[in-house]
Each structure stands twice: as structure tokens, then as C-alpha cells.
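User: I would like to learn how to read the contact between two copies of a chain. Please take me through an example.

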There are 2 protein chains.
Amino acid sequence: MTTLKELAALLNISVSTVSKALNDSHEISENTRIRVKELATKLNYKPNRIAQQLKTNKTKTIGVILPTVTNPFFAEVLHGIEMAATNNDYDIIVCLSNETLHKEKRSLELLSNGSVDGFIMAVARESQVKNETSHIKDTINNKLPVLMFDRVVNDIDCNKVIVDDFKSVYEATEHLIINQHRKNILLVSNIEELSVGKLRIEGYTKALEDHNLKPEILKLDNAVDLDVEKRIYNYLKENVAIDAILSVDHVTGIVAINMAKKLGRNIPEDLSVVGFGYEHTQLLSSPKISIIHQKAHKIGEMSTKLLIDTINDEDLKWQTIVVPSELKLNESVK
Amino acid sequence: MTTLKELAALLNISVSTVSKALNDSHEISENTRIRVKELATKLNYKPNRIAQQLKTNKTKTIGVILPTVTNPFFAEVLHGIEMAATNNDYDIIVCLSNETLHKEKRSLELLSNGSVDGFIMAVARESQVKNETSHIKDTINNKLPVLMFDRVVNDIDCNKVIVDDFKSVYEATEHLIINQHRKNILLVSNIEELSVGKLRIEGYTKALEDHNLKPEILKLDNAVDLDVEKRIYNYLKENVAIDAILSVDHVTGIVAINMAKKLGRNIPEDLSVVGFGYEHTQLLSSPKISIIHQKAHKIGEMSTKLLIDTINDEDLKWQTIVVPSELKLNESVK
DNA sequence: TTGTATGCGTTATCAT
DNA sequence: ATGATAACGCATACAA
């Protein structure tokens with residue numbers, strides 16, 4: 001890699017002159033500036049980022065710690081983060097906690113050595129279940145700003161970007177009750193240990209209570225694939241009164257549709273199905289599932305912008321941004 | 001952040017002594033080593049990574065450039081990359097090209113300033129279609145090793161990790177012909193402009209020719225969601241003789257199953273469906289789609305290991321690793 | 001207008 | 001066993 005020193009030697013001028021010329025300092029003559037720039041272009045000079053980082057004590061890099069990236073929600077959030085980061089001349093270092101506490105902790109500690117200017121993270125399942133979050137507090141005390149999205153820790157004071165989990169599910173449930181006249185709405189969940197899962201279940205429960213209906217919940221507690229199918233199938237088979245299904249994750253809704261069809265139910269006439277979903281979810285189901293569409297991309301973008309603002313303005317007050325979800329109905333439902 | 005200098009000042013010894021003590025140099029007395037380490041632990045000292053990078057001229061960081069991460073294949077590859085990188089004490093900086101040439105080029109150039117020790121990439125759709133790859137060659141000439149996976153550029157000499165696209169589709173097609181006695185096999189594709197799409201189509205075509213059957217291909221050229229459904233539906237409706245569908249991407253196979261069911265076809269009795277798929281693909285279809293399972297996670301892992309080997313051994317010869325796929329049949333198919 | 005000197009935090013070489 | 005010094009590549013305050 002070409003360095004300032006090399007350029008200086010070739011041009012028989014000092015390193016600082018070269019540096020200033022390249023940075024368009026007004027104290028450099030037109031003539032030398034041009035000479036320097038020409039040679040720089042010719043030799044494809046690029047300022048060494050590491051040296052700049054050491055000098056300025058800014059990395060222009062964000063640490064992104066995700067529980068997983070095979071879940072389409074997090075993949076889409078990552079997409080949003082990457083776009084916003086790029087637009088603001090930031091890089092992202094991505095770590096995956098695989099939902100484990102120790103990996104999350106390790107990533108946070110490893111990058112807290114000057115590698116990044118701040119973190120965007122969604123808390124790992126294990127950390128949330130064990131309510132073990134001291135590593136996150138340590139990071140913040142270490143003067144590294146942390147922004148949490150989606151899965152957040154309530155008693156940590158920091159920037160947050162969350163989804164209106166309670167509200168969106170409450171409203172979707174009300175929609176089923178009021179507009180579609182459903183009375184036996186089953187909630188299916190395989191994320192009931194997560195903060196978001198709890199909130200969604202609460203939204204559903206509250207809506208049913210408000211309309212004097214009885215909650216009915218099938219908890220799959222993170223079961224594996226085939227089990228999911230079987231358990232939903234059996235449940236539907238034995239509970240024929242069910243006229244609507246509300247899935248609080250992004251996969252059991254589609255499975256429910258497939259199982260209901262297998263049992264000969266007519267969708268959406270006899271049975272309404274609502275799930276959480278993302279960009280391509282609806283393409284994969286037939287008939288189309290209605291989805292609560294989380295603006296995952298937007299969550300990523302807003303998280304990034306907010307974190308960068310915080311990095312650049314130390315005494316900016318923490319805030320919590322709620323990104324509203326959108327209920328996208330199956331077209332054939334009126 | 002605590003620095004060596006601060007530790008030295010507090011202990012009234014020199015910076016170099018502190019450095020040596022922390023690095024377990026044998027020329028430091030037991031006594032001071034312990035004192036130094038105790039204080040370091042107490043103050044939570046961590047060597048500044050940026051300074052180390054500047055000193056050693058190694059970043060221990062890999063640049064990962066992906067076309068997208070919402071495609072589950074790339075998400076799973078990323079997962080594999082991240083795991084292998086972590087196991088080897090490497091970080092990854094992730095950039096998404098969004099399938100565009102200019103973003104891919106920009107990412108490559110931006111990170112070629114000392115930010116990373118090498119690259120792992122899958123070529124963007126646009127770059128591949130326009131066959132514009134000089135930016136990649138430039139990077140390699142710049143002494144930064146590049147490893148390409150999945151979508152590769154043939155006339156660039158570098159490490160490659162690829163899937164046996166031709167072979168896996170050839171064999172899947174033969175399976176349909178020989179074991180399932182299918183004669184009218186439709187190939188559905190929405191990735192025919194990609195190198196992998198071309199290879200898969202060739203594998204299919206060759207298999208049909210070898211068995212004296214007529215190829216029948218539905219090219220969707222990257223159509224949008226609703227269009228995909230409609231076109232597959234119409235095609236199946238008008239071509240009742242079709243007794244097998246081979247999808248060369250990870251989504252049209254599931255759509256085909258749904259459309260075929262809508263048309264009253266019996267799967268797998270009257271119609272076999274094979275697609276490409278990943279971890280959760282089969283859960284989303286009913287009846288289960290048969291899939292050509294690409295070992296995406298393994299591709300990511302092997303790519304990372306190979307790149308790190310190359311980084312650490314300059315004159316290691318380039319190699320091309322083929323990661324075989326596995327045909328996972330629908331259980332009900334014998 | 002150009003050049004010299006210093007420092008970012010670390011490690012390595014060479015004194016003491 | 002410990003310390004002084006230089007160097008990585010860059011930016012900048014200060015001389016000239």
C-alpha cells in the first residue's frame with residue numbers, strides 16, 4: 001500500500017505537505033497540490049484507515065450483535081443497518097450470539113477495545129431468559145453507547161428501538177373479533193420466553209378480555225421443526241371450534257395454514273390466520289396469510305441513525321423509538 | 001480506555017516493562033509481572049486493537065461482501081463465516097452489494113485501505129450479468145486475497161468455494177426420471193442470469209437429453225412476487241401433462257406446490273416437486289418439498305478457513321473447493 | 001508556502 | 001530485570 005512517506009519521497013517534499021495537499025489545505029500552492037494529487041491517483045493512494053483511526057480515536061465502525069441472521073426478521077434489520085451505516089460512512093462489524101449469553105458477552109468484550117464506536121444489539125434469548133445483562137451495563141459504563149432493538153432490557157438506560165408488540169397484536173386480535181366476527185381465536189407461539197413474545201401474548205389476552213372472550217394459547221416453547229407441525233395439527237384436529245389463529249412468530253402461521261388445509265378447513269372462510277411476517281412471507285403461503293408486518297428494515301435504519309447521533313453528540317438524551325407495525329390482510333378477506 | 005502509559009505511570013515503571021509483563025516476557029520479574037497484571041485487571045485494561053493493527057499491519061478482520069442477506073442461502077453462509085471467523089479470532093466487516101455493481105465496487109475499494117486482511121464475496125447479480133469484474137482483479141493485484149463462493153467469475157484466478165450445481169441438478173433430475181418414473185419434468189427458474197442458474201439448467205438439460213426426454217423450462221427472470229404465483233399457476237393449468245417440477249431456486253418450488261394443490265394435483269402421487277432449500281425450507285411446505293440441500297453453513301466455514309490459510313501463507317496455491325449438496329427427499333416418496 | 005516535530009498506543013530493538 | 005527509543009501511517013501545531 002502506498003503511504004504518504006512514499007509519495008513525499010518521490011516528489012522530494014515533506015510528508016506533511018503531501019498530507020495537507022491531499023486534504024485540500026489552503027496553505028498549499030495550487031501547483032504542488034496538483035502534482036501531489038496526480039501522483040496519488042497514479043499510485044492509487046488511499047489513506048490507511050487504521051492510522052487514521054488511531055489518530056482521531058474514532059473508528060467509524062459500529063458493532064452489530066444479532067442473535068441469529070437466519071431469522072428473516074434479523075436479516076432484514078441487518079439490511080437496514082448496513083444501508084444506513086453505508087450512507088453515513090460507517091462500517092459494521094457483525095457478530096452472531098447464536099442466542100447464547102457467553103457468545104454475546106464475548107463479542108461485546110472483544111469489540112470494546114477500540115474496535116468500534118458503539119453497538120447495536122438485540123439481546124440473546126439466553127441472556128433474556130436468565131436476565132443476565134451485566135455485560136451490557138459494563139459496556140455502557142465503559143463509555144461505549146449501546147442501542148438495543150426489538151428485544152430490550154427494561155432496566156438498562158440506553159437508546160432503544162422497539163416494535164409496538166402489545167398494540168399491534170391487540171389491534172390484530174380486535175380486527176379478528178370485530179371485523180371478522182371470530183370468537184375462538186387460538187394463539188400459537190414458540191417465542192413465549194422472549195420479551196417480545198410476552199408482550200404479544202399480553203396484547204392478545206387483553207383484547208380477548210376486553211371482548212369477554214376466553215384466551216386459548218398453544219405454547220410450543222421453541223420446539224423443533226417436525227414437532228411444530230404435529231402439535232399444531234393435533235391441536236386443530238381436537239379443537240374444531242377454532243375459527244381463527246394468531247401466530248406471534250414468523251413461521252407457525254404458515255405451518256398452521258398448511259395443517260388446517262390438510263384437515264379440510266376452508267381458509268379464509270372458516271378460519272382466519274394471522275401471523276408475523278416480513279418481505280416474502282406471504283409468497284410462501286397459499287391462501288395468503290394475513291401478517292403483522294414489522295418494519296424490520298426501518299428498525300435497522302432508525303437504530304443506526306440514532307446510534308450515530310449519539311456517538312457524535314455525547315450528551316444527547318436516551319430515547320425510545322417505537323416503530324409501528326402494519327396489518328396486511330389476506331387480499332381475499334374483506 | 002486504560003492504556004499502557006497510564007498503567008506505567010501508576011506503577012512508576014516504564015511503558016515497555018508494562019508491555020512485556022502483560023505479554024509474559026521471561027525477562028520480567030515474577031514480582032512486577034504480578035503487580036502489573038493485577039492493576040491491569042483492576043482497571044480492566046485491554047490492548048487497543050487499532051494500535052496493534054497499525055503496529056503489526058494485520059487487522060485480523062475479513063471483509064465479507066454479500067449480494068443480500070435476506071436470501072436464506074446467504075444468511076446461512078454468513079452464519080458459517082461468522083462462526084469460523086470467531087473460532088480463528090477474526091472479525092468480519094459485512095457489506096451488502098444489494099446485487100448492484102456500484103455498491104460491490106465501492107465496498108471493495110473502501111475496505112482496501114488497510115481495513116481488512118482479505119475478502120470473502122459472492123458476486124452481485126449485476127456484476128455477473130454485465131461481466132464487469134475489473135474491481136475484483138484490482139483488489140487482488142492490490143495484494144488483498146479474495147475468495148469467491150457460490151457465484152464465481154471463471155476468468156479470475158483465486159480461491160473459490162462452489163456448489164456442485166451441475167451435478168446435483170443432474171442427479172436430482174435423474175432421480176425423478178429413474179426412480180420416480182417421471183417423463184414431463186418442468187424446470188422453473190428465476191435466476192437464469194446467474195452463473196449458478198445457468199449451471200443448474202445445464203444439469204437438468206443434460207439429464208433429460210441423456211434419457212431422450214424433452215426439456216421444458218419456465219423462466220421467470222427475477223419476476224416479482226405476485227407475478228411468480230400467477231405465471232406458475234397458469235403454466236401448470238395449461239400443461240396438464242407435467243408430472244414433476246424442478247425449481248432451481250429456493251422459493252418457486254414452494255410456490256409450485258401451493259399452486260399445484262390449488263389445481264387439485266396430488267403431491268407426491270401425481271406430481272413430484274424438487275427445489276433448492278435450506279434449514280427451514282421444508283417446514284414451510286406441505287406436503288414436504290424434496291430439496292437439494294446446499295450446505296450453506298459449510299460453504300461459509302470452508303471459505304473462511306481457506307481465506308485465513310491464504311492470508312497466513314502468501315504463496316499457498318489457489319484452490320477450488322466443491323461442497324457437495326445433498327438430495328433430501330420428501331419423506332412420503334419412496 | 002513548505003517543513004519539522006509530536007503524538008495516537010503498541011511492540012520490538014537495543015541499551016543500561 | 002528494566003528502561004529508553006524508534007517505528008507503524010497519519011494529522012496537526014508550530015517553525016521557518
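Analyst: The turns below cover symmetry, then the interface. This is a predicted model, in which local features need pLDDT of at least 70, side-chain atom pairs count only at pLDDT 80 or more, and totals for chains, interfaces and linings use all residues. Residues are numbered from 1 along each chain as its sequence is written, chains are lettered from A in the order in which they are written, and side-chain values use heavy atoms, without hydrogens and water.

User: What rotation superposes chain A on chain B?

Analyst: Two copies of a chain are related by a rotation about an axis and a shift along it. Here the rotation is 180 degrees and the shift 0.0 Å, with an RMSD of 0.1 Å (least squares on C-alpha atoms of residues with pLDDT of at least 70 in both copies). The two copies are thus related as by a two-fold rotation axis. Ile93(A) is the residue of chain A closest to that axis, its C-alpha lying at 2.2 Å.

User: How many residues does each chain bring to the contact?

Analyst: Chain A brings 54 residues and chain B 54 residues, contact meaning heavy atoms within 4.5 Å. The copies meet through the same surface, because 100% of the interface residues of chain A are also interface residues in chain B.

User: Which salt bridge does Asp89(A) form?

Analyst: Asp89(A) pairs with Arg106(B), their closest N and O atoms being 3.6 Å apart. Between chain A and chain B the count is 6 salt bridges (a side-chain nitrogen of Lys or Arg within 4 Å of a carboxyl oxygen of Asp or Glu).
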